Amino acid sequence: MSALLQLDGVEARYGPVKVLHEISLEVGRGELVAVLGANGAGKTTTLRAVSGTVRRTGDIVFDGSKLPRRPDAAARAGIAHVPEGRGTFSELSVWENLRLGAYTRRGSVKEDAQHVFEYFPRLEERKNQQAGTLSGGEQQMLALGRAMMARPKLVLLDEPSLGLAPMLVKEIFDRLERMIAQDGTAVLVVEQNAALALAHAARAYVLEVGHVVVSGPSEELRENESVRRSYLGY
Amino acid sequence: MLVAAFTWTEFAQQIAAGVRQGAVFAGLALALVIIYRSTRAINFAQGEMATFTTFICWSLMNNGLSFWAAFPIVLAIAFVGGIAIERTIIRPVENGPVITIVIVTLGLALLLNGLMSVIWGGGNRPFRGPFSTRTIDVGGVPISVQDIGIVVVSFVLVALLALFFRFTKLGLALRAAALNRESSELVGVRVGWMLAFGWGLAAVLGAVAGMMVAPILFLDPNMMQVILLYAFAAAVLGGLDSPIGAVVGGLLLGVGITLVGRYVGFVGDVLKLPVALLVILLVLVVKPNGLFGRVAVRRV
């Protein structure tokens, strides 16, 4: 079966500066794939290229058809992007944030919200609270919950562990694995914390200054000498 | 200067007149706020847009339509016209600096003003409104039917808008697009169209305000210019990005100005506008966020 998401020779630039060079990668259905690399390697831009929030060239095929380069079109196609800084609407309530997650879908959202609350009971307690008053961990939960509301085929997740206590990070990744197992959602996650990412992802790509330098199954990468030295630090 | 003897009946009448003025200010201020929230710019063409649509109403009535037959047609034209203006004139500068957008709206105001003179000619003309000017007795206070009508129409519109923003999916998307453009796109909202939709709603609010005041002010291309200044004051008083603020600010300003004009001898009718401008100045100096302006709550 063909991959759910396939990037072929994708390039992206911010003004005159090219930040992605000929990136090719794929994500299978229900697969957790990590993108690793140092600051400025182009990890975030890779996600942005997929959701169309940055100028890009090259082919991206999603779920059997070419993906248009417009963020709302990507959302409609079934891609939920949880960006850097989580992208929640801090002035809107938790419930309104979740409601917006389901924007591209018709019909009732109650059932989906119930599903999200099973994953993150804390969100149900804070349903009517302004999202901006949530703690960092709760905001990350809300961002994930909002992504789930779209019933996405693929979630793009940018630095979910950033600024969170280890306990919360563990909780977030547990939920991610549960989401993959139960709902069959695929996840493409960008992480600074390589050890964490490799512990959960099936496969990973390592970026350096906009190029894919190494890729493969997580176990292999964990054994890879240069990956170990540069990203795992032992 | 001598001020006539105070009576409670007259005071109540003044309040009623103030509420009527305030309702119009509130509608136009709300239009300003809707556009300000999504583009961070003040739409200086709001007054001219309102007058233009009022002229359309006048033409329709001259062609034999009753006011209430023309009313929905004008609202539809205003809505579509507002969207068209955003898509054609504002969209090219949408991502530019705020000052560019502001200057484009100033240009639009001049353009519409000129167009009105060309199409309908200058000079003012009477506009037959939908409400009678006879007074009825409300709890011992004589109030004109027209005043009551203006207040009712204005507030029904504001209430409908509030319900729309609060309880519909489209209303939520409009609010989201104004708050955070990129996140809205990521959940699938077509932000460009939401901005255009906001302009459509603002144009409708302006059209209603225009059609409500035209019977009082007489219709001419400059009709809404002074009202727009009051609406600025009302919007600033309420907090430029607060819809509730615009409505409360409009009412406070309408009542305040009417009372000050009546009971503060030297102000009278001539100095009402400077008082409104003083309100803008004071609010900006003392409480720049206005009464209801957003104080960002954020924890990371």
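This report walks through the sheets, helices, chain contact and nonpolar core of a predicted model.

## The six-stranded sheet of chain A

Let us begin with chain A, where six strands make an open sheet in the order β6-β7-β8-β3-β9-β10, with mixed pairing. Its edges are formed by β6 (79-82) and β10 (211-217) of chain A, each of which pairs on one side only. From one strand to the next, the twist averages 15°.

Strand β3 (residues 32-37) of chain A is a good place to look inside this sheet. With strand β8 (residues 186-190) of chain A, β3(A) pairs in the parallel sense over four bridges, and A:L32 has A:V187 in β8(A) as its bridge partner. With β9(A), the pairing of β3(A) is again in the parallel sense, over five bridges. Here A:V35 has A:Y205 in β9(A) as its bridge partner.

## Strand β9 and its hairpin

Strand β9 (residues 203-208) of chain A deserves a closer look, since it is mostly covered, with five of its six residues buried. Its pairing with β10(A) runs in the antiparallel sense over six bridges, and A:E208 has A:H211 in β10(A) as its bridge partner. The hairpin of β9(A) and β10(A) has two residues between the strands, and in this hairpin A:V209 takes a positive phi near 30°.

## The four-stranded sheet of chain A

Chain A also holds an open sheet of four strands, ordered β2-β1-β4-β5, in which the pairing is antiparallel. At its edges stand β2 (17-27) and β5 (65-66) of chain A; each has a single partner strand, so one side of each has no neighbour in the sheet.

Within this sheet, strand β1 (residues 5-14) of chain A and strand β4 (residues 56-62) of chain A pair over six bridges in the antiparallel sense. If you would like a landmark there, A:A12 stands opposite A:R56 in β4(A). Helix α1 (residues 43-51) of chain A lies across β1, β2 and β4 of chain A, and it runs at about 70° to β2(A).

## Where the chains touch

How many residues of chain A are in contact with chain B? The contact involves 25 residues of chain A and 18 residues of chain B. On the chain A side, the elements that give two or more residues are α2 (71-77) and α3 (94-101) of chain A. The residues of that side divide into seven nonpolar, 13 polar and five charged.

Helix α3(A) is worth a pause. Why is α3(A) described as largely enclosed by the rest of the structure? Seven of its eight residues are buried, so α3(A) is largely enclosed. Those buried residues are A:V94, A:E96, A:N97, A:L98, A:R99, A:L100 and A:G101. They pack against α4 (110-119), α5 (121-125) and α6 (136-149) of chain A, together with α6 (169-179) of chain B.

## A buried pair in chain B

Moving to chain B, B:E48 is found in helix α2 (residues 46-62) of chain B. Is B:E48 buried or exposed? B:E48 is buried, because 28 other C-beta atoms lie within 10 Å, and the cut-off for a buried residue is 20 or more. Leaving aside neighbours within four places in sequence, B:E48 is in contact with B:A109, B:L112, B:N113 and B:M224. By contrast, B:I136 lies 88 residues from B:E48 along the chain, and their C-alpha atoms are separated by 33 Å.

Its contact B:M224 is found in the loop between α8 (191-217) and α9 (225-238) of chain B. B:M224 counts as buried too, with 28 C-beta neighbours inside 10 Å. Not counting residues up to four places away in sequence, B:M224 touches B:G47, B:E48, B:A50, B:T51 and B:G210. B:M224 and B:V19 are 205 residues apart in sequence, and 18 Å apart in space from C-alpha to C-alpha.

## The largest nonpolar core

Finally, the largest nonpolar core has 165 residues, and B:L28, B:A29, B:L32, B:A231 and B:A234 touch the most other members. The element that gives the most to this core is α8(B), with 17 residues.

For one of these well-connected residues, the contacts can be listed. Leaving aside neighbours within four places in sequence, B:A231 is in contact with B:F25, B:L28, B:A29 and B:L32.

Notes:
Residues are numbered from 1 along each chain as its sequence is written. Chains are lettered from A and ligands numbered from 1 in the order in which they are written. This is a predicted model: local features need pLDDT of at least 70, side-chain atom pairs count only at pLDDT 80 or more; totals for chains, interfaces and linings use all residues. A residue is buried if 20 or more other C-beta atoms lie within 10 Å of its own, exposed if 12 or fewer, and partly exposed in between; C-beta atoms are placed from the backbone. Two residues are in contact if their C-beta atoms, placed from the backbone, lie within 7 Å. Two strands pair if DSSP finds at least two bridges between them. Axes are lines fitted to C-alpha atoms, for helices over the stretch in contact, and angles run from 0 to 180 degrees between N-to-C directions. Ala, Val, Leu, Ile, Met, Phe, Trp, Tyr, Cys and Pro count as nonpolar, Asp, Glu, Lys and Arg as charged, and the others, Gly among them, as polar. A nonpolar core is a set of buried Ala, Val, Leu, Ile, Met, Phe, Trp, Tyr and Cys residues joined through C-beta atoms within 7 Å.
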